[in-house]
Structure formats: C-alpha cells, structure tokens
Amino acid sequence: MQLTTWLQLVLGRPFRRAGHRTALVAAGLPLHLAVVPLWLWLLGTMAALVPAVTPLPVLLTLVALPVLLTLVVTPLLTVGQRRRYRALVGKDLPRPAVPGPGRNWKSAVRRLTARALWRQVCYHAVAGPLLAVLDLAVLAVWAAALVAASIYVWSWALPPQWRVTDLGYTTQAAYITAGGLALLFLGPRLTGALVRLDTRAAEVLLGPSRTEKLTRRVADLAESRAGVLDAADAERRRIERDLHDGAQQRLVSLAVNLGLARATLGDLPEDARKVIDEAHREAKEAIAELNNLVRGLHPAVLEDRGLDAALSGVAARLPIPVRVAVDLPQRPSPTVEAVAYFVVSEALTNVVKHAQATRADVTVDRIGETLLVVVADDGAGGADLAAADGGTGLSGLAKRVASVDGTFSCRSPAGGPTVITVELPCAP
C-alpha cells in the first residue's frame, strides 16, 4: 500500500495538471507571436528607409503605422489572454483601472497615455516573443518525449530492413525509449515552470499595478470599516429603543404603582411605609440612571431632530452656561452625526469634571465636505491628549474621530483656554 501511494505521488502527481498546462502553453503561442509581424514590418521599414532620402512625413507615416496597429490589437490580445487563462486553468486575471469612456480628444489622449495600456504593449511586444520561444521549446520537449518513448509502437510501421539496420531495434531503440521517458518525466516540470513565469508576467503587465492594488485594498478596507461603523451605530440605536420601550417603561410603571400605593394605603405600618418609600425612591433613581444610559448609547432626539436639538439638550443639563451654535444646511450621515454628538458630549463632560471652567462654547459648521466641530472653555487648561480614561478621555475622543477618517486637535496651554477642534468628512 505504501509503495502504491509513493508511486502515485512520484509518477501521477506531475502529470495531474500537465494536460491543462500544456494546452495553456499551446494556446498562448499564437497570441505571443501575434505582434511579431508588426515589429518585423517596423524594423524592415526602418532598415529600408534609413539609407534612402525619404520625406519626413512619409517616414513618420510608415513608421507610425505598425505602432498604431500594435496599439489597436493590444486590447484584443489582452482579452484573448484573459480568456485563455479562464478557460484552461480557471484563473481570472485582475483588470487594471482604465480611463472612462469618452469621444473627445482628451479622452483619447488619456487612453493612449494610460500606464495600463503601455504595460499591456510591453507584455505583447516584448515579453510575448520571449515567451513564444519558451513555448516552442517546451512543446518540442513534449513532442520529442512522446516520439522517443513510443518508438517501439510506431517503429513497426517502418520497413523491417531499416528498423533493424538503421534504428538498431534492440539497442538504440532502448536508449531512445529511456531518453523519451526521461523527457516525459521532465516535461511537466518544464511546463509548470513556464506557466508560472507566464502567469507572473501576465499578472504584472496585464493586471493592475502595485499602486492600483494598494488603492483598491484601501478602498475595500474603508468600505468595510464604514459598514462596521454603520452596523455598530444601528446596533446602538436598537439597544436604545429596546431599553426605552422595554425596561424603562417597566420601571416607570413600577414607580407609578409604588407612588399610588404610598398615597392610597394610609393604614400601613410605619415599617411597611418606609419600605415603599425606599423602593419608590430607588425606582426613580433607576429611571434617571437608565435615562442617562440611553442618552449615552444613542439619544432619540439626535435621530429625530438632529445635532442642534441633541447638543442643546446636553448643554441644558450641565451646571455651567454653554453656548451652542449649529449651522448645518443639511444633516450629515448618521455615523458622522453620532461621532460629532459623542465628541461634544464627552468634551463638555470633561470640562465640567476637570477644567474648572465657568462657561463653554460649542460651534458646529459645515465647510464644503467637512463637518467642523469646535468646543472651547475658559478653564484652567493643561489638558493632555495622551491621557486616556477608558476611552472617554481626549485619546478616546481622538480614536472615535479617527474611526471615520476625521482629524482631532486639542490646544490647551496651562492657564487656559482649551480649544478642541474636530474635522469630520461628510462627503455624500
């Protein structure tokens, strides 16, 4: 059993994909040679015209004609190469970025000067002929291997005298067969190496460049991150609705019932009345804490009425006067709006806790495609951006802003004032 497995690995594995790879090499040969006649035409024209005195317009026309034909057939050859890989080995070559369609001369210039086009020309005009030489060599190895390995089969069709005298049926044929078997063993490896070389050249020259790949990767990551942020924001809103419509309403009902019990049941013992009073007080405190928790998750007023009303509500609950100025011709996206709200809310909370300020100002403006948020106070200053407080300090605010590709800056000299500036992208 082990010997059979070893023979399958040694003998069967190299030939498992040799058929598809050899077909890929054979199909690539005419495509690799397609531009060679045009370049031979160009070289022949230049060799014939250089010694003669030829007018410059005629010379440029005769030289430019094969070059223009090369540019015309390059996209067609690229399509053929993509179909070759897709049909024979099931591989899709990534497509490079191309200029948009257009019928004016600027669009034509963009298409002719695109790097993707000239990389394709380099593949078909430079790499293609070199790969064609290797294609011919590999196919020749396969042909020689099949002919030599099967000499005992086809030699019976030869005249007996030639088979015995010229071929040396017993000795030379054995050597030829051994050589053919060796070439058969070598053929899949040579074919695999050529296919890897051709695939690498096709990916580099027919596919997107490294810069384009990185650009696409960054765009994909940005889109993925935006989806995650939207999903997280939607989940916060769902939790807020569940708490508001479920637990909060139950606590309100409990507090109302306890209040009614305290007011209507006058003949209760003093100890029972104290228990009801304590339960009523704790129920109201739980409602207040739950309200703060709901506002911290995602306040309903932000979703219903926007930043102006939500920030005005935050300012009204603070013990210091806060001036709020919001000038937004249209509402930003829900994610950006939530980030702006939480930044202002946490910044004002930090002002009350640490700044020893007597007043604060909040300004929200939209400048072009940027949402500008400024929070200023007249406190003691000295705020440290590096100091983290479980995600609610300045570093936590900076991370929240960076999650939507925004910028965060804090200017807080000792003695004040402190000015926090946030810029959030809000492009449509």
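This note goes through the helix crossings, salt bridges and two single-residue features of a predicted model.

1. **Helices α2 and α6.** Start with helix α2, residues 18-33, and helix α6, residues 115-149. Their axes come within 8 Å. They cross at roughly 135°. How are the two helices set to each other: parallel or oblique? They are oblique, because roughly antiparallel would take an angle over 145 degrees. The crossing of α2 and α6 is left-handed.

2. **Helices α13 and α14.** Now look at helix α13, residues 307-316, and helix α14, residues 334-355. Their axes come within 10 Å and cross at roughly 15°. Angles under 35 degrees count as roughly parallel, so α13 is roughly parallel to α14. This crossing is right-handed.

3. **Salt bridges overall.** How many salt bridges does a search of the whole structure find? The search finds five. The next points take up some of them.

4. **Arg 86 with Asp 92.** These two side chains meet in a salt bridge, at 2.9 Å from N to O. How open is each partner? Arg 86 has a relative accessible area of 40%, so Arg 86 is partly exposed. Asp 92 reaches 53%. The cut-off for exposed is over 50%, so Asp 92 counts as exposed.

5. **Glu 337 with Arg 331.** Here the closest N and O atoms are 2.7 Å apart, and the pair forms a salt bridge. Which class does Glu 337 fall in, buried or exposed? Its relative accessibility is 5%, so Glu 337 counts as buried. Arg 331 stands at 42% and counts as partly exposed.

6. **Asp 361 with Arg 323.** This pair also forms a salt bridge, with its closest N and O atoms 3.0 Å apart. Where do the partners sit? Asp 361 is in strand β2, residues 360-367. Arg 323 is in strand β1, residues 322-327. The two residues are 38 residues apart, so the pair links distant parts of the chain. Asp 361 has a relative accessible area of 18%. Buried means under 20%, so Asp 361 is buried. Arg 323 is at 43% and counts as partly exposed.

7. **A shared network.** Which residues are joined into one network by salt bridges that share partners? They are Arg 323, Arg 359 and Asp 361. Find the Asp 361 and Arg 323 bridge first. Then add Arg 359 to the picture.

8. **A nonpolar surface patch.** Trp 41, Leu 65 and Leu 69 make a nonpolar surface patch of about 240 Å². Trp 41 lies in helix α3, residues 36-49. Why can Trp 41 belong to a surface patch? Patch residues need over 30% relative accessible area. Trp 41 has 35%, so it passes that cut-off and is partly exposed.

9. **Asp 405 and its backbone.** Check the phi angle of Asp 405. It is near 65°, a positive value in a residue other than glycine. Where is Asp 405 placed? It sits in the loop between α15 (394-402) and β4 (407-411). Is this residue buried or exposed? Asp 405 counts as exposed, because its relative accessibility is 51% and the cut-off is over 50%.

Key. Residues numbered from 1 in each chain as written. Predicted model: local features only at pLDDT ≥ 70, side-chain atom pairs only at ≥ 80, totals over all residues. Heavy atoms only, no water. Patch = residues over 30% accessible without salt bridge, like charges linked within 9 Å, V, L, I, M, F, W, Y side chains within 5 Å. Areas by Shrake-Rupley, 256 points an atom, 1.4 Å probe, with all protein chains shown as cover. Salt bridge = Lys/Arg side-chain N within 4 Å of Asp/Glu carboxyl O. Helix = DSSP H or I, 4+ residues; strand = E, 2+ residues; numbered from the N terminus. Buried < 20%, exposed > 50% of the residue type's maximum accessible area, 1.4 Å probe, protein only. Axes fitted to C-alpha atoms, helices over the stretch in contact; angles between N-to-C directions. Parallel < 35°, antiparallel > 145°, perpendicular 65-115°, else oblique. Left-handed = near helix turned anticlockwise from the far one by under 90°.
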